[in-house]
Structure formats: C-alpha cells, structure tokens
Amino acid sequence: MSLRKRINLRYTLAFRLTLWYAGVFTVSSCVAFLLFYILITSFIRERTDQELLSQVNRFSTLLVTEGVEAVKNDAVIEAQAAGIKKVFFRLLSLNGQVFSSSNISYWKDIEINEMAIKELLQGSSHVFETITISDHKDEVRILYALLSPSIILQVGQAMESYSRFLDAFKGIFITTMTFLIILAAGVGWFMARRAVSGVEAITQTAQSISGGTLGKRVPVKTRGDEIDQLAMTFNQMLDRIQTLVIEIKEISDNIAHDLKSPITRIRGIAEVTLTNGKSMGEYESMAASTIEECDRLLDMINTMLMISKTESGVDKLSREEIDLAGLVREACELFEPIAEDKRVDLSCDVPNKSYLVGDNRMIQRMLSNLLDNAIKYTPVGGTVSVSLSENDERDAVITIEDTGIGISPSDLTRIFDRFYRCDQSRSKPGIGLGLSLARAIARAHGGEITATSTPNQGSTFTATLPKSFPSRS
Ligand code: ADP
C-alpha cells in the first residue's frame, strides 16, 4: 500500500492548511460584512431620526405661528401625503391622552410609551424608540417630543428602507459568502498542494532510497524557497551518506581481505604441522608463527581503533610541552640501524630546540610511520633527509624527503585512505594504515600532512603542526 493511500486525507498538511486558509478567509469576510452592516444600518437609522426631528421642528414652528388647529390639520395632510402606512402623527396631552391624530387605522396597535412621556416631563427634549408590531413587515421608529409646554407630539415612521436594506443584505451576504468560501477552499487547496508538493517529492525520494537506490536525488527547482532549501540540504545529506557508505564498504572489504590473509596463513601452518609435524620443535615453530601472525592482526586492529579514536576525538590528546627537535632527533637515532641495514643514508637536520604543545606519544607514532615508510620505500643506496623548521613562529614543519620509488599522481590522492597501498609497494610489508594514522594525529593537533612525489625519483612528506594546538571539546 502506498504512503499516499495510507495517509488519511484529514491528517494531511494540505488539508489542514486549506481548512486554516478557508477559515481565516471566511472569518475575515464575515467581519468585513458585519462592519459594513453596522455602518449602513446606523447611517439609515440616523437619517430616519433626522427626518423625524425635522417634522418636530416644523410642527413646533407651526404651533407658534398658526396655533394648534393648524398643527392638527397639517398632521392629517402630511400623513396622507406620505402614505398612511408609512407615517403617523398623534398629539398628546401631558398625561398621555391622545387628543388628535392622523389616520391611525394601520397603527392602532401602537400604544403610548409612558416611560417616554415621563422622560420628556423630566426635561428630555425628545425620546426615540424602535418597535416591531405583529403583522407589520417593517420595524417602526417612533419619536416623542414636546411641541409646547402642554402638547406632546408622537410621530412614527415605518423603517422601510431599513428592512429593504436588511433583505438585500441577507441575500448578498449568503450568495457572496457561499461563493467566497468555495473560492477560498479552492485557492487554499491549490496553494497548499503547491507548497507541499516539494515535501512529497522528498518523501518519495527518501522512500525509494530506502529501497536501495542511494544515487537518487530530489529535483531542485529554481525558486530558492524553503522547499528548495530543504531539497538541497536533503541532497547534500544524501551525498554525504553515499560517500560514507562507499567508504565503509571499501574499508570493510579491505578489512575482510587483510584479516583473511593472516588467518589463512595461521590455518595453513596449523594444518601442515598437524599433518606432517612429528617433533616438538615443529610444534614450537608453529606456535611461534601463530603468535607472530596474531601480533600482526592485533597490530592492525589496534591501529584501526587508534585512527578511529583519534579522528573522532574520543581519545583526548595530552597537552604537554614537547621539545620537538629532540623528538625528531630521537626518531632518527631509532631508525638509523634500520637505514644502515638497508644501506640507505639517513640525515637529520634539526635545530637545537623547538618547543610545541602536543601529545608526545602520538607525535612519536606519526614520525615513526613517516620515517618507516621513507626507509622502506627507498632502495639500497638512496637517501632519506629529515628536517625541522619553523614557519612564522606559529607552526613547526617537519619534512621527510626520500629518493625512493615515488608515488604516481593517481595514487598520491589516495595514499592517506585507510588500507590503500600502491601496487608497486605490495611486495613490501605493511597494511596501509600508517599514513591514515599519521594524518589523523596531525589533524588532531590542528595540523596537516601533505605529500609530493615523482615516480622513481622520490617523495616528500611535510607535516605541519601548530606550536599550540586548539583544544577539542
Ligand atoms: P603501508 O603499511 O603500506 O606502508 P601506509 O599507509 O604507510 O601503508 O602507506 C600507504 C601507501 O603509500 C604505501 O603502501 C605506499 O604505497 C605509499 N607510500 C607511503 N610512503 C611512501 C614513500 N615514502 N614512498 C613511496 N610510497 C610511499
């Protein structure tokens, strides 16, 4: 079953993003509609109130100029003119008794609000109220105002435009919101799918890689967005994993190969001795050979462990002040007899003293490996020159130059790899770990080892060590 099928749509990032997008979009649209609604309704209400107040002003003036009868007549005519279902007028005494009104047949359910009259008597110039009457379509806005100290005017107006606006608004709101929600969900889904499509590509690549194809890479678009960066980082990680896997494979192949030879030899010696061995001497010789082979094996395993520990920093280097000049001199003295045996001329050019902070034992091991190689790969009559100098008072530079068999340019790039041995040196003893360990030691001190060589003419190995190496946490 594919991953896509197994994932419930509800739990997908695209689905949740779509929901969020549509949700936020809907809520903001509703808020915008609500604000618009409040604005328009308050505007309509204010306009109605202004109209009602202007009626009061007109009647007040009429009362003063032409008397109460003129007001009564005008109220009837005005209501007639506007439409008896739209507006009505009532004239009330201060106790709330109606003493005159326009045609009130349509408005008979509207009662006198005693609270409003009370408020007027307490000094308010006018009082508004909004009421709804059963069977009437529109709300009614009513104004109570004092026309004179003894006459109250009650004027009411159906809020027709308000109801019309509400109906229209409801229609527009429902249609627009339905359209907007569908649009928001569609756009949200499209955008979310676009955004996560890169992640899906990475997931698919990761899945196919777990199926065994380490060479696959996620296609990187040129947008340079977060998904592209994720894809590039993922590809870089794959590069590193691929290199590591290849290295591990090579190393394990080499280990298997290098372990096989001594074990086969041990087995061979034991077999021959068991079949043919008759004397105690033969058994002793078998034991000695077995010990020798085991020592070689142990040496190889220990060196491998030491390289790993030095590279990873598990084994902390000691930080002691060392006289490097003395150390190089001692190493040369140690290898002098071996060089003499091979009739190789070993010269050592070091200053009186040269101090640096480092791990004495490790630097000794590094020097031994380099010197051992130089003598081992230099034929009879050749020379090996060791020198020590300082570079800007900052680094100590040890150079070991030989006139040996040399290394071809293609081999030169690989001689520091674990177990790598050049073809022409396979006749010599060795396991191909000496240079790896030497470089690991130099690097653990914050330094480096480099090599230059000309085949059949000789090689130069240069170890540069800082006089005070940075501590590794
Ligand atoms: P080995 O145990 O084979 O000497 P190293 O890691 O010390 O392993 O060296 C790796 C390979 O580099 C050697 O097998 C040899 O082919 C080459 N090499 C190292 N030092 C020299 C040198 N001074 N001259 C020529 N070849 C060298």
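The questions below concern the ligand site and helix α6 of a predicted model.

Residues are numbered from 1 along each chain as its sequence is written. In this predicted model local features need pLDDT of at least 70, side-chain atom pairs count only at pLDDT 80 or more, totals for chains, interfaces and linings use all residues, and side-chain values use heavy atoms, with hydrogens and water left out.

Q: What makes the pair formed by Arg421 and the ligand a polar contact?
A: A polar contact is a pair of N or O atoms within 3.5 Å; within protein, one must be able to donate a hydrogen and the other to accept it, and residues adjacent in sequence count only if both atoms are side-chain atoms. A polar side-chain atom of Arg421 is 2.5 Å from a ligand oxygen atom, so the pair qualifies.

Q: Which backbone atoms lie at such distances from an oxygen atom of the ligand?
A: For Gly432, a backbone N or O atom is 3.1 Å from a ligand oxygen; for Leu435, a polar backbone atom is 2.8 Å from one.

Q: How much of the ligand does the protein bury?
A: Alone, the ligand exposes 520 Å², and the protein buries 97% of that (Shrake-Rupley method, 1.4 Å probe; for residues, only the protein chains shown count as cover).

Q: How do you know that the span of helix α6 agrees with its number of residues?
A: The expected span is 1.5 Å times one less than the number of residues. For the 51 residues of α6 (residues 226–276) that gives 75 Å, and the end C-alpha atoms are 73 Å apart, which agrees.

How values were computed. Helices (H or I, at least four residues) and strands (E, at least two) are DSSP runs, numbered from the N terminus.
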